[in-house]
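Colleague: I should like a close look at a single part of the model, namely the side of chain B that faces its partner. How many residues of chain B are in contact with chain A?

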Amino acid sequence: MGLVLLVPLAVLVVLVATVVTALLPRGAGATADVETSPGAYARARRHAAVVAGLSWAALLLACLLLPEAVPFGISQGVVLACMPATAGVVALLVAAVGERTWPRPAAPVRRASLVRRTVRDVAPRPLAAVLLGWSAALPVLLVATGLSADAAGRTVTFAPDAVSTSSAGPYPGAPYGVPVVLATAVLLVATGATLHLVARRPAVPDVSTADDARLRRASARRVLACAQLVVGGTLAGVLLVTGAALQRASSTTWAVDDVWTTSTDPVAQAFGVAGLVAAAAVLLTTCVVTGVALARASRESAPATPAPVAA
Amino acid sequence: MSVHVEVDTTSGVPVYEQVRTQVVAHVAAGRLRPGDRLPTIRALATDLGVAPGTVARAFRELELAGVVVTRRRTGTVVADDATPAHDTARRAAADYVRAARGAGLTPDEALDLVRGALLT
């Protein structure tokens with residue numbers, strides 16, 4: 001199931017990243033800086049690319065392997081609902097370890113900027129806003145589904161007419177919602193901690209402050225892209241499950257003397273359709289945002305002048 | 001223009017003193033203004049690859065000299081009464097540095113000329 005959902009997701013992200021990379025002007029925002037050693041900058045870019053590659057590989061592997069490790073049972077759905085956030089934390093952990101492995105200054109003469117760097121300086125605001133938007137929408141949705149769920153919190157029930165009721169599940173009530181919100185909160189804390197490490201890592205030796213800042217922004221962009229993909233994916237999943245349950249529970253069919261009657265609760269059905277449409281929209285948006293962010297990170301840190309060929 | 005400090009770990013001058021004099025020079029030149037926030041001790045030490053205690057000592061001496069103040073919420077900032085050097089002298093210094101660089105003088109040679117001029 002996880003593989004089926006992930007493959008088109010990964011293909012879409014790669015597709016968007018490739019298209020945006022091709023369309024964006026090369027070296028946009030780059031400033032030629034005589035202080036930067038092209039060799040040192042190329043090595044720093046390679047380091048950042050390896051860290052990002054390992055982090056995204058960890059995300060993909062965790063998404064593929066974790067569902068297989070979940071035993072069948074009543075808690076399977078809860079664990080699967082928390083799986084994206086868990087995979088995201090694993091990916092951020094890898095990114096955080098990578099940020100700790102930047103080479104420290106070793107030359108006798110060392111330079112440092114006297115301008116204070118904060119997370120706000122390195123984190124692109126639009127991407128942070130998208131992450132915060134998904135993160136705000138998710139608990140609001142889960143509170144709504146928690147309030148509308150049955151007492152057990154795993155199904156939703158409607159009475160389309162006076163004589164019949166219809167229940168459907170799984171429905172993200174409190175048994176699903178509380179762990180998902182907690183897992184997402186842990187992911188957000190991990191995101192903040194990783195961004196903090198990006199801002200605080202040692203400045204790259206022989207690279208100008210402007211180019212060092214570009215490398216940091218690219219790293220922060222990749223971290224935020226990962227986090228928003230995970231939270232956006234979780235939100236899309238919750239919307240999908242909610243919409244599907246509402247759609248199924250909105251109609252009931254019953255028979256008296258072989259006369260079949262179908263009753264539909266139009267409000268529940270409308271919410272169901274809206275949930276499914278919103279799920280598709282959120283999934284598409286989060287994938288496009290991820291692709292654009294990864295492409296921008298790659299372009300942002302591209303050298304203004306070609307790096308020398310290694311001897 | 002970004003403001004930097006550059007330290008030479010092989011120099012006979014202690015690193016904390018190099019940091020201190022350069023911060024004072026930036027304030028005198030008006031590149032660091034009252035209220036400007038300096039990096040945290042840990043961040044500057046990480047960037048320079050030196051022990052945090054080294055930067056802490058530089059900041060402590062700057063604070064004793066009234067160049068910076070440390071506040072609980074904002075960290076270390078340039079003090080309100082740390083004013084740049086006289087405007088005319090500052091412009092003359094900048095003009096002199098440009099001329100010295102144009103003439104191909106090294107920083108030490110340029111400073112020797114200033115010291116010589118101060119002796120007259």
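Modeller: A word on confidence comes first: pLDDT is the predictor's confidence in each residue, on a scale from 0 to 100. This is a predicted model, in which local features need pLDDT of at least 70 and side-chain atom pairs count only at pLDDT 80 or more, while totals for chains, interfaces and linings use all residues. Residues are numbered from 1 along each chain as its sequence is written, and chains are lettered from A and ligands numbered from 1 in the order in which they are written.

To your question: 20 residues of chain B are in contact with 17 residues of chain A, two residues being in contact if their C-beta atoms, placed from the backbone, lie within 7 Å. On the chain B side, strand E1 (4-8) and helix H2 (41-48) each supply at least two of these residues. Helices (H or I, at least four residues) and strands (E, at least two) are DSSP runs, numbered from the N terminus. By type, this side of chain B comprises nine nonpolar, seven polar and four charged residues; Ala, Val, Leu, Ile, Met, Phe, Trp, Tyr, Cys and Pro count as nonpolar, Asp, Glu, Lys and Arg as charged, and the others, Gly among them, as polar.

E1(B) also pairs across the chains: five bridges join it to strand E1 (residues 109-113) of chain A, and the two run antiparallel. Strands pair if DSSP finds at least two bridges between them. Within this pairing, Arg111(A) stands opposite Glu6(B).

As for the chain that carries this side, chain B has five helices and three strands, in the order β-α-α-α-β-β-α-α along the sequence. Its C-alpha atoms fill a box of roughly 45 × 35 × 30 Å along the principal axes. Of its 120 residues, 25% are buried, that is, with 20 or more other C-beta atoms within 10 Å of their own C-beta, placed from the backbone (exposed: 12 or fewer; partly exposed: in between).

The partner, chain A, has eight helices and five strands, and 44% of its 311 residues count as buried. Its pLDDT averages 86, with 86% of the residues scoring at least 70. Over residues 20-34 of chain A, however, the pLDDT is below 50, although this stretch has 22 contacts in the model beyond near neighbours in sequence. Where pLDDT is low, the predicted coordinates should not be read in detail.
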